[in-house]
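This report covers the surface, the interior and a few single residues of one chain. The sequence and model come first.

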Amino acid sequence: MGRHARPADQMFRSSFFLLASTLTTAGLSFLFWVVVARFYPPEQVGLATSLISATSLLSYLSMFGLNSTLIRFPAEGRAARNGQITQSTALVLLVSCVAAGIYLLGLPWYGHKLLFVRDHAHLAALFVVSCACASLNLLVKSVFISARMAQYNVLSDGILQGLAKLAAPVALVGFGAAGILGSAGIGYAVAAAAALLLLRRRLGFRFDFRTRGTRLREQLRFSVASYVSSLINLAPVLVTPLIVLQKLGAAEAGYYFVAFQIAALLNSVSTAVGEAVFAEVSSDPSRFGELLRRSAKMIAVVQVPAVAVVAAGSGLLLLVFGGGYTEAASGLLTVLALAALAVALNTWACFGLKLAQRMKQLITANAVLACTTIGLALWWAPQGLVRVGCAWGIGNLAAGLFATAALLRGRPSAPRPPEPDIDPGPGWSPVDTLQLRAVRLPGPTAGAPPSTAPPSTAASSAAASSAATPAERYRP
């Protein structure tokens, strides 16, 4: 696809690469867990899956909303963008290490079966480093999404991470659950290093700690709201495996994790399309309604047949892991596959709320998801894994219905950037001022004087800025 691709085609292209990245990651992870299931007993798999789930989710929580801010409000110009990415990276790495340490300290209260990690310094260090590398990889992914270069996520987060992770578990089998965790950590480290290298080679990124023009302080409220929303959204994904582990045992936790990973392939469809729409609307807010409708059709066309296939063939899919997984988790996988439809509704509506910057409704929708899912999982877990899967589906359905109602009630329209505070200076008439406002230039950089260019010059500058691709705007 060339640099002059039509906007509609760009959304499909971005969706394709984002979905390809997710499917590549999930497919290689599927092979990884097949190998792990063949070489490790279910008890060790259950312990390791709880740790790896915590690593992945802590990395998401460590974003502090900056991944959304880097896409929604990218800084203009190479120096400002470098500073924006550098500051975001430093904060995310710090938060991820602190979050991993807090998680380890709290294990006596919610994961006493995982205390062996905290009791050995090298395992604790491995867990913290894995969280940091996973967080860095996620942040750089958002930069490529913003620049509409999601194909590099396929290479770093998909292929390289998956192959590095897949090569390790057999060699580390003697370390038990720690060997599985170490294999995942190697994959995160390789992906993070490759992502930074691609960022440097393809976008000319250099670390720069200057703060001018980064827009991070101006968009702090959006970042914090996004972070709170993500924190609440990921709570059931983090807590539910721990509920299964404590209520049903390590083996059942392993069965649950494997089934959930397969179902995550279905959920990745709506997430990939949602991220593509988020990047496109951030670049051209006027197409908000159109792209939201297109994304709903794309999700439905892909998701419904995929759900039918997985739900009908759950037993065959789990047979790859061994007969024990088919017997213990086929019913759970069927329920999780059907629940992917509710997940798609919830994901689509929540991306719409975030684009419209209606953060209160977004946080409320995620609170409905977390409270419903965790509450029902605690209640139903003693009755088996199928009931836990039902809790996940009902929670997403309740949240999706709420978010959709909130989105439709507000009659979503194109999110409009704030009007610049224009002081045209002496000699300008009211008509000149109105013409300059009609150009809809972005607000001036903090500390910079307001533009006093004639309307014709300002209009040409704005048109050139809107015509450039995000990758081109990154460069001077």
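V190 lies in helix α9 of this predicted model. With a relative accessibility of 32%, V190 counts as partly exposed. V190 belongs to a nonpolar surface patch of about 430 Å², whose other members are L155, I159, L160, L163 and I186. Two elements give two or more residues to this patch, α8 (151-166) and α9 (177-203). Helix α8 makes the largest contribution to the patch, with 4 residues.

The loop between α8 and α9 holds A171. A171 is exposed, at 64% relative accessible area. Along the chain A171 and S183 are 12 residues apart, and their C-alpha atoms are separated by 9.2 Å.

For the chain as a whole, the secondary structure comes to 19 helices and 0 strands. The chain has 476 residues, of which 53% count as buried. Its accessible surface is about 20,300 Å², and carbon and sulfur atoms account for 66% of that area. Among contacts in the chain with a separation of 6 or more, 82% join residues 24 or more positions apart.

Turning to the interior, the largest nonpolar core has 95 residues, and the members that touch the most others are W33, Y103, F127, F144, I180, L199 and F321. Helix α7 (residues 121-146) supplies the largest share of this core, 12 residues. Which residues does I180 touch, not counting those up to four places away in sequence? They are F32, W33, V36, Y40, Q44, V45, A48 and I52. A second core, separate from the largest, has 34 residues, including V281, A344, L353 and L407.

S50 is part of helix α2 (residues 42-61). Is S50 buried or exposed? S50 is buried, because its relative accessible area is 4%, under the 20% cut-off. Apart from neighbours within four places in sequence, S50 is in contact with Y103, L114 and L245. Of these, Y103 is also among the residues listed for the largest core.

The cysteines come next. The structure holds 0 disulfides. For C97, the closest cysteine sulfur is that of C131, at 8.3 Å, which is too far for a bond. The cut-off for a disulfide is 2.5 Å between the sulfur atoms, so the C97 and C131 sulfurs, 8.3 Å apart, do not qualify. In the other direction, the nearest cysteine sulfur to C131 is that of C97, and C131 is in no disulfide. C97 counts as partly exposed, with a relative accessibility of 35%, whereas C131 is buried, at 1%.

A backbone feature appears at Q357, which sits in the loop between α14 (323-355) and α15 (359-380). Phi of Q357 is near 60°, a positive value in a residue other than glycine. Most residues other than glycine have a negative phi. Q357 counts as partly exposed, with 37% relative accessibility.

The table collects the accessibility of the single residues discussed above.

| Residue | Relative accessible area | Class |
|---|---|---|
| A171 | 64% | exposed |
| Q357 | 37% | partly exposed |
| C97 | 35% | partly exposed |
| V190 | 32% | partly exposed |
| S50 | 4% | buried |
| C131 | 1% | buried |

Note on methods:
Residues are numbered from 1 along each chain as its sequence is written. This is a predicted model: local features need pLDDT of at least 70, side-chain atom pairs count only at pLDDT 80 or more; totals for chains, interfaces and linings use all residues. Side-chain values use heavy atoms; hydrogens and water are left out. Buried means under 20% relative accessible area, exposed over 50%, partly exposed in between (1.4 Å probe, protein chains only). Contact means heavy atoms within 4.5 Å. Accessible areas come from the Shrake-Rupley method with a 1.4 Å probe; for residues, only the protein chains shown count as cover. A nonpolar core is a set of buried Ala, Val, Leu, Ile, Met, Phe, Trp, Tyr and Cys residues joined through side-chain atoms within 4.5 Å. Patches are made of residues with over 30% relative accessible area and no salt bridge: like charges are joined within 9 Å, nonpolar side chains (Val, Leu, Ile, Met, Phe, Trp, Tyr) within 5 Å. A salt bridge is a side-chain nitrogen of Lys or Arg within 4 Å of a carboxyl oxygen of Asp or Glu.
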